[in-house]
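Here are some short exercises to work through with the model open beside you. Try each task before you read its solution.

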Amino acid sequence: MLLDQMGITPEDLLQAPGVRSQVPTFSEYVPVVLAALGDGARRTYGNYLRKVVDRWGDRRLDEITPTEVETLMRQLQGEAVRRRNSRGGSSTGEHVIAALRCVYRRAVADRLIADADDPARKVAKPRRPTSQRIALPDERLGELVVAAGTGGQDPELDALIVRFHIETACRRGGLLGLRPMDLDVQQCLAMLREKGGTYRWQPVSPTLMTFLLHHVHERGAAPDQQLLRYLDGRPVTRRRYDGLFERLGRELPWVAAQGVSAHWLRHTTLTWVERVYGYGVALAFAGHAESPNDTGTTARYVKATLQEIATALAGLTGEPNPLALPEKVTEAE
């Protein structure tokens, strides 16, 4: 047991002093790791591991020190693209460490290095900032729904995407992975396959089910193929979401200003469900695991909204709720 914990085999003890098994370089081993990962993890870690190979491709896994790992993390944080909703590169730093831990964890399992020689495990991930996503107030949600269904080159597709996310509070992958065969038309249920290999039946309204069936009929999705399609029948990709919210940001300045995305709709629906039907229903609606450790997970989605904070401010000061004023203050004013 002790040898196993140290990553040593009896054969290693028979080797002559100074002789060690050949440890692969990052160029040799990273493709092996990527091939063993699932689609989601490969998509998340792939870009960062390619950057690791660019810098350390010719170096062996056992040559890297914790200081070098932390230095690389800081460098890639500094190179991160600065968007309106950027949070100082913390996400980049977190993913760099996670990607390297993934590589070294597999190297330990493959008995290429000892567990104690894992440098990535000795570097702490950056502290994750509090998410700025919150539930949208009713009037903003209404504006977004109208804009999605009345502009762009394919408003029917955009309206379907927005409505599905509002009704189901699903993640982006849940809708992109939906197939016609995943619909239970009689009971108005949709099978969502989301991150972590989870599966769950989610109720949808008869109206949304009608829209989904119409979409399948008009755009020709095969029963076992992706349901969501472009006008020419091609399957929709993640890029569609980027284009949709870029357009909404041009039409609705507050969407661009706050960096609103489809995941904000998940927060909006789950917050409403929690306020009206309670935490237990919100937990199931979100598709979170029913475990003692879930409390923090679902709570991140149902935190107090700006509207609720402004209402509390109005009660404290006795002045009108600033978010409920009939005339919004313009930038010029």
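A charge counts as sitting over a ring if NZ of Lys or CZ of Arg is within 6 Å of the ring centre and within 35 degrees of the ring normal. The model is predicted, so local features need pLDDT of at least 70, side-chain atom pairs count only at pLDDT 80 or more, and totals for chains, interfaces and linings use all residues. Residues are numbered from 1 along each chain as its sequence is written, and side-chain values use heavy atoms, with hydrogens and water left out.

**Exercise 1.** Find the residue that lies over the face of Y241.

*Solution.* Apply the ring rule above. R172 fits, at 5.8 Å from the ring centre of Y241.

**Exercise 2.** Count the aromatic pairs, then describe the one formed by F26 and Y104.

*Solution.* Start with the rule: rings of Phe, Tyr and Trp (its six-membered ring) pair if their centres lie within 6.5 Å; planes under 30 degrees apart count as stacked, over 60 as edge-to-face and the rest as tilted. The count comes to three. F26 and Y104 are edge-to-face, with 6.2 Å from centre to centre and 75 degrees between the planes. Next, locate them: F26 is in helix 3 (residues 26-36) and Y104 in helix 6 (residues 90-109), 78 residues apart; helices are DSSP runs of H or I, at least four residues, numbered from the N terminus. Finally, check exposure: both F26 and Y104 are buried, meaning under 20% relative accessible area (1.4 Å probe, protein chains only), while exposed means over 50%.

**Exercise 3.** Is Y277 buried or exposed?

*Solution.* Y277 has a relative accessible area of 54%, so Y277 is exposed.
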